[in-house]
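Trainee: I am new to this one and would like to understand the words people use for it. Could you take me through them, one at a time?

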Amino acid sequence: MSVYLFPIKTAIIIFFPLSFLLILPWLIYSYRKYGYLSPWASLVAYSFAFYMLTALFLVLLPLPNTRDTCSLQAPGTVHYSLIPFSFISDIIKNSSVVWSEPSTYTQMFKHSAFWQAAFNFLLLFPFGVYLRYFFQEKRYWKKAFGLGLLLSFFYEITQLTGVYGIYNCPYRIFDVDDLFLNSTGALFGFLVAPILLALFPSQKSLLAKAEKIQHSGFVPPLSQLIAIYIDYLFIKFSWSLIARFFSTNEFFEFFYFTIGFVILYFLVPLFGKGKTIGTNIMRFKLVDFDGETPSWKSLFNRFFALYFPWLVSWSLSLLNSVELDINSNIYPYQVWITVATFAFNVIMWIVLFIHILFILLKRGKRNFYFDHVSKLIPVRK
């Protein structure tokens, strides 16, 4: 069992940081497709990603300690097995079964040949279940079998080529029986999936709810926050490129971010009729209470409401970076200013956090502070 536990543990370790990197792309995809964040759709997507990663690791791990795998093998080693159904003869030969004595049949379950075949059958069984959830209808069983065969072929070619040349010899063999067992497992999973999926929401019900939400024009609060964060990422990413290639200082950083806020949170929605890069991606726009294009005053109020928390935080970091002589006459004033600014910053972010949490729990029945002060509301395009 340790042979299988090691790849699974490795997949878990790698999947945790990977799942955090996938959060923003998944949220964007989910809100664009469904118009809301479905816990069930999220569970399916993340579990499918984890399963595919685990299946790959079960096929490849553990890796050899050296790239020169040829030196670990005897001359003339054959790296493939093209005789179909040889796993049946291997099970019978290694289990000492006497066909005239049914009591010996259980011996088959005690040998590695049987468990190796069972593993290859079960490896793509979940893949078939996922395919049934995605395809829905039983008539796609040929497509499920073909995709299972292609995925199995990908695994076998990866092994035969020594992970595409990383190792100079294969460290596992290409086995035609693996193709048969893997693809059969995928097909069986596809056929029995309705029994397993009967207790969960279907994809049709998710799409029906998505259509209802999209017709209502409702924009979930989390979708609004994602749009704001996407706009901020454009400022942050462009700054990282400039800072990498050019000599910069703190004042230039402050100036650049300020201009970025003005452009993305004020000028872009002003000329884009209430749409920013983030709102375009999340498929909504800003309008006033009458459903008309926002005025420049409303957009400026919204921009400043978003800019002010960043301005306070940046000012605090600037104060902390200034070092004065402890014997200086103005040193006590600097201490009090730093403490007061720090306290204000902490209180401000706590209040903002509580406010955001409250809006999320209210599920959009109240507006965020930046839309409230600007008298704007988000609506679906």
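Trainee: What makes F251, F252, F255, I259, I263, L267 and F271 a nonpolar surface patch?

Mentor: A patch takes residues with over 30% relative accessible area and no salt bridge, joining nonpolar side chains (Val, Leu, Ile, Met, Phe, Trp, Tyr) within 5 Å and like charges within 9 Å. Together these seven side chains make a nonpolar patch of about 710 Å². Areas come from the Shrake-Rupley method with a 1.4 Å probe, and for residues only the protein chains shown count as cover. Before we go on: this is a predicted model, where local features need pLDDT of at least 70 and side-chain atom pairs pLDDT 80 or more, while totals for chains, interfaces and linings use all residues. Residues are numbered from 1 along each chain as its sequence is written, and side-chain values use heavy atoms, leaving out hydrogens and water.

Trainee: Why is F255 called partly exposed?

Mentor: Buried means under 20% relative accessible area, exposed means over 50%, and partly exposed lies in between. F255 has 44%, so it is partly exposed. This residue lies in helix α11 (residues 250-271); helices (H or I, at least four residues) and strands (E, at least two) are DSSP runs, numbered from the N terminus.

Trainee: There is a charged patch too. What makes it positive?

Mentor: Its members are K209, K212, K362, R363, K365 and R366. Lys and Arg count as positive and Asp and Glu as negative, with His and the chain ends not counted. The place of a charge is NZ of Lys, CZ of Arg, CG of Asp or CD of Glu.

Trainee: And why does K365 count as exposed?

Mentor: K365 has 71% relative accessibility, so it counts as exposed. K365 is found in the loop between α14 (331-362) and α15 (369-374).

Trainee: How do you know that E137 and R139 form a salt bridge?

Mentor: The term asks for a side-chain nitrogen of Lys or Arg within 4 Å of a carboxyl oxygen of Asp or Glu. In E137 and R139 the closest N and O atoms are 2.4 Å apart, which fits. E137 is partly exposed because its relative accessible area is 34%, and R139 is exposed because its value is 57%.

Trainee: How many salt bridges does a search of the whole structure find?

Mentor: Two. D371 and R302 also form one, with their closest N and O atoms 3.1 Å apart. That pair links distant parts of the chain, D371 in helix α15 and R302 in helix α13 (residues 296-321), 69 residues apart. Both D371 and R302 are buried.

Trainee: How do you know that β3 and β4 pair?

Mentor: Two strands pair if DSSP finds at least two bridges between them. Strand β3 (residues 284-288) and β4 have five bridges, in the antiparallel sense. D288 stands opposite L376 in β4.

Trainee: Which residues form the covered face of β4?

Mentor: L376, P378 and R380 form it, while I377 and V379 form the uncovered one. In a regular strand the side chains alternate between the two faces of the sheet.

Trainee: What makes the backbone at R283 and K375 worth a look?

Mentor: Most residues other than glycine have a negative phi, and most peptide bonds are trans. R283 has a positive phi near 65 degrees, and K375 has one near 55 degrees. K375 sits in the loop between α15 and β4; its relative accessibility is 54%, so K375 is exposed.

Trainee: Why is the peptide bond from L61 to P62 called cis?

Mentor: Its omega is near 0 degrees.

Definitions and conventions. Buried < 20%, exposed > 50% of the residue type's maximum accessible area, 1.4 Å probe, protein only.
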